[in-house]
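Thanks for making the time this morning. I would like to walk through one model with you, going from the overall layout to a few local details, and I will keep to what can be read from the coordinates.

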Amino acid sequence: MASLWVGHRGTVRDYPGFSPSVDAEAIRKAIRGIGTDEKTLISILTERSNAQRQLIVKEYQATYDKELKDDLKGDLSGHFEHLMVALVTPPAVFDAKQLKKSMKGAGTNEDALIEILTTRTSRQMKEIAQAYYTVYKKSLGDDISSETSGDFRKALLTLADGRRDESLKVDEHLAKKDAQILYHAGENRWGTDEDKFTEILCLRSFPQLKLTFDEYRNISQKDIEDSIKGELSGHFEDLLLAIVHCARNIPAFLAERLHQALKGAGTDEFTLNRIMVSRSEIDLLDIRAEFKKQCGYSLYSAIKSDTSGDYEITLLKICGGDD
């Protein structure tokens, strides 16, 4: 199960010589002492993989009869607290909670919904939906339905279902056929057939979509992005553009999201924490490379100039290095 959430391009790896009991005791000491020993907490939690942190959580509960996350919440505060709690949360539960937060309160954070639902694999989505139900006793689909509407809702529900094809094999004949369908659903008709866009973009594998977009360009002499921008609007347009971006290059899409989160006056910590934590064992090295390519400066330096204190130290350790 853990393998679903671990790739080859992460910055965080299993810690060699790992001992959950030694770590649990050191964490307990760091929390119990007069004044919290943040340095110890940071070095243990950032230098263990999520699977190892789950074993620490178990050990901590068994030994001290306490939930580690509750103790962290009681002892830390602000963005640093959110980040540390995120580190000890199982990946599927973390994503479920991020989705819930995106839909809570007045107004929906559509960008966060789009980011999570477009970048997770079908198998990850199935686990997230399960975790969502376990934590909230409501189905993810029901909450998405009540918080969104129209074509945007339809497409999100299709993604939340985790039905995207995951095979790496591409079918050239299908790519030609789908490209024709997209062309006739958009550029080549009066009014747009949104359902066709949803069906193809939400169900085909990313390698298959890449080939389809090449075929589309041959037929229409336009990039699919330009057609989507010309034919569609609102959150539905944003979602389809995100899918196209992800099909072409997920790390580049997430690097762009990080750039948005870090630029300008305030920092969007909700997005920053989510991407740093959720991609730290999957593709954060690639995201770093894409960030440098897009911005001309490193992710490390952007975090350094935009954050401070223990929060900064923790993010930089997850980032893993300067480029």
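**Rings, helices and two loop residues**

Let me begin with a contact between a charge and a ring: the charged end of R28 sits over the ring of Y64, at 5.2 Å from its centre. Please keep in mind throughout that this is a predicted model, and that what I quote has been computed from it.

For orientation, the domain assignment divides the chain into domain 1, covering 20-88, domain 2, covering 91-161, domain 3, covering 174-243, and domain 4, covering 250-319. If we take the C-alpha centres of domain 3 and domain 4, they are 30 Å apart.

Staying with the early part of the chain, look at helix α4, residues 68-75, where the buried residues are L68, D71 and L72. Viewed down the axis of α4, these buried residues fall within an arc of 100°, and so they line one face of the helix. What covers them? The elements over the buried residues of α4 include α1 (20-32), α2 (38-46), α3 (50-64) and α5 (78-87).

In the loop between α3 and α4 we find D65, and this residue deserves a moment on the backbone plot, since its phi is near 55°, a positive value in a residue other than glycine. D65 has a relative accessibility of 63%, and it therefore counts as exposed.

A second residue invites the same kind of look, namely K137, which lies in the loop between α8 and α9 (140-147). Phi of K137 is near 55°, again a positive value in a residue that is not glycine. With a relative accessible area of 59%, K137 is exposed, and its side chain reaches the backbone oxygen of T134 at 2.6 Å.

That brings us to α8 itself, and to the aromatic rings. The structure holds 3 aromatic pairs. One of them is formed by Y132 and Y136, and it is tilted, with 4.9 Å from centre to centre and 55° between the planes. Both tyrosines, Y132 and Y136, belong to helix α8, residues 122-136, where they are 4 residues apart, or about one turn of the helix. Are the two partners buried or exposed? Y132 has a relative accessibility of 0% and therefore counts as buried, whereas Y136, at 24%, counts as partly exposed.

Moving further along, helix α11, residues 172-185, contains Q180. Because its relative accessibility is 35%, Q180 counts as partly exposed. In sequence Q180 and E215 are 35 residues apart, while in space their C-alpha atoms are 8.4 Å apart.

Finally, consider helix α16, residues 269-279, which is mostly covered, with 10 of its 11 residues buried. Among the buried ones are the charged or polar residues E269, N273, R274, S278 and R279, along with L272, I275, M276 and V277. How does R274 lie relative to F270? R274 lies over the face of F270, at 4.8 Å from the ring centre.

To close, I would put two places side by side for discussion: R28 over the ring of Y64, and R274 over the face of F270. I would also like us to return to D65 and K137, with phi of D65 near 55° and phi of K137 near 55°. I am happy to take questions on any of these.

How values were computed:
Residues numbered from 1 in each chain as written. Predicted model: local features only at pLDDT ≥ 70, side-chain atom pairs only at ≥ 80, totals over all residues. Heavy atoms only, no water. Phe/Tyr/Trp six-rings, centres within 6.5 Å; stacked < 30°, edge-to-face > 60°. Helix = DSSP H or I, 4+ residues; strand = E, 2+ residues; numbered from the N terminus. Buried < 20%, exposed > 50% of the residue type's maximum accessible area, 1.4 Å probe, protein only. Lys NZ or Arg CZ within 6 Å of the ring centre and 35° of its normal. Domains from an automatic or database assignment. Arc of directions from axis to C-beta. Contact = heavy atoms within 4.5 Å. Polar contact = N/O pair within 3.5 Å; in protein donor to acceptor, adjacent residues only side chain to side chain.
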